[in-house]
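Subject: Structure handover

Hello,

Please find the structure below. My notes come after it.

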Amino acid sequence: MSDKLRVKEAGSLLIFLNAKLQGWSKKKIKQRLQLGYVIVNGESVVKHDHPLNAGDDVEVMAQGKRFDASKGKPASAKLEILFSDRDLIVINKPAGLLSVATAKENKLTALAMLRNQLSKANKGVKLWPVHRLDRDTSGVLMFATSREMREAINAKWAEADKVYLAVVEGIPQPNRGTINQPLRLDDKQYKMHVGAHEEAKTAITHFSTVRSVNQRSLLEVRLDTGRQHQIRAHLSWLGYPVVGDPRYGTDGPRMGLHAQRLSITRPKGERLTIEAPMPNDLVTLLR
C-alpha cells in the first residue's frame, strides 16, 4: 500500500519524508527515494534535496510498484554525471548511497547504479572506483573506465586537491585552523580513534569557517590525507561534530558533509577539476 502525504510548509523532500514516515528507518526511506518509489505531484523524484512547497502531494509507492507518469512503467533512478570522457566518469553522489558494494549490500550502490545507467542492451560498462565517499556524504565521486587508468590516477593521488563542505555544531574558535592528529580504526566499533597510538596513521585536516548561523557553522575543509572518516572524527575531536552524524555526534535528517571539489593530475600531467554544487538540504541544516 502506498503512503500519500500532503506538504504543509516548504522544505526539502528527504527531511519531509523522515518527519512524516514514522516507524521507517532512514536507510529504508533513502532507498525508496533513490530507486524511484517517491512521487511528487505525479512525477517520480529521486533527488533527496528536491524542494517542496506547501500544497504539494507526495506519495511513497509500495515496493515493486514504482511509477513513471509518462509511460506508466517503473521509474529508474539516474545519477547526475558531472564529467565524462573515455577515461573517467564523475558523478554527484547523493547522500545515503554507498559508493561500492559491501558484504551487506551489493546492489544499491553508486557503482552498480552507474554501470546499469550507462550499459546498453548488448554491451555492459566496466567501471573502477578511483576513491570512495562515506554512505551519508554527498558530492564528487570519480570512476575510471579501466583498471590501468585507475592505477594511473591513484599513482598521483597525493597531488589531489580535495575540498569538502561541512555543517557542524557550534562556532569554531579560532575560525580556521589545522588538525594534525593521527587516526586509528576500531574494527569492532567501526569508528576512528583520534590520538597517538602505535597503530595510528598520520591525518591532517585544514578548515575555515564560511559562515555561522544559530550556533551552527558551515566550514570549508581541505584534506592532506584521506583516512576513513577523517573529517568526521577530526571535527568531533575538536568539539564541533558534523551535524547529523550519529557515529561521532548526534543523528539527524542527513549528515552535513559534502564533497564539493576534486582536482586531480591526469596521466599526461594536465589538471582536471570537478565541482558539485552545495545541495539544498545541506543549506537547510544551517537554518
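The notes cover the basis of the values, then the sheet, the helix, the core and one aspartate.

This is a predicted model, in which local features need pLDDT of at least 70, side-chain atom pairs count only at pLDDT 80 or more, and totals for chains, interfaces and linings use all residues. Residues are numbered from 1 along each chain as its sequence is written, and side-chain values use heavy atoms, with hydrogens and water left out.

Helices (H or I, at least four residues) and strands (E, at least two) are DSSP runs, numbered from the N terminus. Two strands are said to pair if DSSP finds at least two bridges between them.

An open sheet is formed by four strands in the order 1-6-3-4, with antiparallel pairing. Its edge strands are strand 1 and strand 4 (43–44), each pairing on one side only. Strand 3 and strand 4 are joined antiparallel by two bridges; valine 40 has glutamate 43 in strand 4 as its bridge partner.

Helix 1 (residues 13–20) has Leu13, Leu14, Phe16, Leu17 and Asn18 buried, where buried means under 20% relative accessible area with a 1.4 Å probe, protein chains only. These buried residues pack against elements including strand 1 (3–6), helix 2 (26–34), strand 3 (38–40) and strand 6 (57–60), with contact meaning heavy atoms within 4.5 Å.

The largest nonpolar core (buried Ala, Val, Leu, Ile, Met, Phe, Trp, Tyr and Cys residues joined through side-chain atoms within 4.5 Å) has 29 residues. Phe143, Tyr164, Val221 and Leu235 have the most contacts inside this core. Among the elements that each supply at least two of its residues are strand 11 (161–169), strand 16 (216–223) and helix 5 (230–238). Helix 3 gives the largest share, four residues.

Strand 16 runs antiparallel to strand 11, with eight bridges, and antiparallel to strand 15 (residues 204–213), also with eight bridges. Its residues serine 217 and arginine 222 are the bridge partners of valine 168 and histidine 206, respectively. In the hairpin of strands 15 and 16, two residues lie between the strands, and asparagine 214 takes a positive phi near 50°.

Aspartate 186, in strand 13 (residues 183–186), is buried yet has no salt bridge (a side-chain nitrogen of Lys or Arg within 4 Å of a carboxyl oxygen of Asp or Glu). Arginine 184, the nearest side chain of opposite charge, is 5.4 Å away; His is not counted as charged here.

Regards

Conventions:
Buried < 20%, exposed > 50% of the residue type's maximum accessible area, 1.4 Å probe, protein only.
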